Amino acid sequence: MTGSIRKAVLPVGGLGTRFLPATKSIPKEMLPVVDKPLIQYGVEEARQAGIEEIIFVTSRGKAALEDHFDYHFELMKTLEARGKTAEMELATAMTPAAGKISYTRQPEALGLGHAVWCARNLVGREPFAVILPDDLVLHPQGCLAQLVEAYEKVGGNLVAVEDVPREQTNRYGILDVVEEDGRLAKAKGLVEKPDPAEAPSTLSIIGRYILQPEVFDELDRQDKGAGGEIQLTDAMARTIGSVPFHGLRFEGRRFDCGSKAGFLEANLAYALEREDLGEAARDIIRRYGAVI
């Protein structure tokens with residue numbers, strides 16, 4: 001069960017309530033980490049991994065996200081007239097070729113599994129990737145590119161994983177590991193948000209997946225799991241036995257930008273990596289560190 005991964009699904013239909021009031025009229029995915037919106041990091045990571053088609057699962061109020069990846073005629077003409085070549089290059093570099101981005105709607109917020117299921121007709125019967133923009137991974141080789149590289153060896157369903165403190169297992173999908181091979185962990189099952197006392201391990205899934213189309217067959221059942229939502233992990237778990245399942249311990253630093261603290265840390269970390277901002281960011285950190 002291998003084959004090239006051509007399509008990536010990005011579920012972006014959430015309301016972003018944890019970032020109110022900023023997200024009252026602006027999609028959470030458009031909040032910037034330094035000077036680039038979260039969603040652009042996800043799209044660039046997909047491109048680095050060789051993804052040819054991006055599928056956004058949106059909802060009401062996401063027009064700004066769609067406009068971000070569209071051609072802005074007035075902006076480009078203004079930049080051209082002012083001789084702002086560098087800015088023109090920035091604006092055009094993120095604009096995909098015609099037909100390379102698709103949008104579909106998630107009419108109700110019924111869980112991640114439901115969001116992915118909404119993309120089934122655009123994905124078709126081929127393996128595909130899922131990127132959750134809330135998770136940023138800082139590394140020269142993108143997290144999805146690392147998954148694609150491992151997928152070429154093991155096939156099946158493959159997820160990015162990291163160890164979390166046991167008391168936090170009730171926040172994540174947790175693998176039930178049967179075999180370890182370096183960075184790869186073969187799993188015989190997975191549990192969505194288990195109680196720490198009952199968690200089979202501390203190896204948690206983060207927001208990067210490579211999935212076989214058989215997952216859609218399980219999602220067709222529309223069964224509700226933890227939190228009364230249609231869970232992607234439940235559908236993946238039901239394919240174990242017929243579809244190989246592995247977790248890859250990715251390289252890099254992961255930031256949970258779904259939380260305010262994680263979002264703040266991501267801004268600092270990404271600024272420190274920039275040649276044009278690194279020293280200024282260090283000065284700011286030193287200045288505030290001196291008064292703590």
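# Why the labels fit: helices and buried residues

Modeller: Helix α10 (residues 260-273) packs with helix α11 (residues 278-289) at an angle of about 135°, the axes lying 6 Å apart.

Biologist: Why is α10 called oblique to α11?

Modeller: Angles under 35 degrees count as roughly parallel, over 145 as roughly antiparallel, 65 to 115 as roughly perpendicular, and the rest as oblique. About 135° is in none of the named ranges, so α10 is oblique to α11. Axes are lines fitted to C-alpha atoms, for helices over the stretch in contact, and angles run from 0 to 180 degrees between N-to-C directions. This is a predicted model, in which local features need pLDDT of at least 70 and side-chain atom pairs count only at pLDDT 80 or more, while totals for chains, interfaces and linings use all residues. Residues are numbered from 1 along each chain as its sequence is written, and side-chain values use heavy atoms, with hydrogens and water left out.

Biologist: What makes a run of residues a helix or a strand?

Modeller: Both are DSSP runs numbered from the N terminus: H or I over at least four residues for a helix, E over at least two for a strand.

Biologist: Which residues of α10 and α11 meet?

Modeller: L268, A271 and L272 of α10 meet G278, A281, R282 and I285 of α11, where contact means heavy atoms within 4.5 Å. These residues divide into 5 nonpolar, 1 polar and 1 charged. Ala, Val, Leu, Ile, Met, Phe, Trp, Tyr, Cys and Pro count as nonpolar, Asp, Glu, Lys and Arg as charged, and the others, Gly among them, as polar.

Biologist: Is G278 in α11 buried or exposed, and how do you know?

Modeller: Buried means under 20% relative accessible area, exposed over 50%, and partly exposed in between, with a 1.4 Å probe and protein chains only. G278 has 3%, so G278 is buried. Apart from neighbours within four places in sequence, G278 is in contact with A271 and L272.

Modeller: A second helix pair can be judged by the angle rule. Helix α3 (residues 73-81) and helix α4 (residues 85-93) pack at about 155°, with axes 9 Å apart.

Biologist: What does that angle make α3 relative to α4?

Modeller: The angle is over 145, so α3 is roughly antiparallel to α4. M76, L79 and E80 in α3 meet E87, M88, A91 and T92 in α4. By type, the residues of this contact are 4 nonpolar, 1 polar and 2 charged.

Biologist: K28 is in the loop between β1 (7-11) and β2 (32-33). Is K28 buried or exposed?

Modeller: The relative accessible area of K28 is 12%, which is under 20%, so K28 counts as buried.

Biologist: What makes the link between the side chains of K28 and D134 a polar contact?

Modeller: A polar contact is a pair of N or O atoms within 3.5 Å; within protein, one must be able to donate a hydrogen and the other to accept it, and residues adjacent in sequence count only if both atoms are side-chain atoms. The K28 and D134 side chains are joined at 2.8 Å, so the distance meets the cut-off.

Biologist: D135 is in strand β7 (residues 135-138). Why does D135 count as buried?

Modeller: Its relative accessibility is 6%, which is under 20%. The side chain of D135 reaches the backbone nitrogen of G207 at 2.7 Å.

Biologist: What of H114 in helix α5 (residues 112-117): buried or exposed?

Modeller: H114 is at 5%, and therefore buried.
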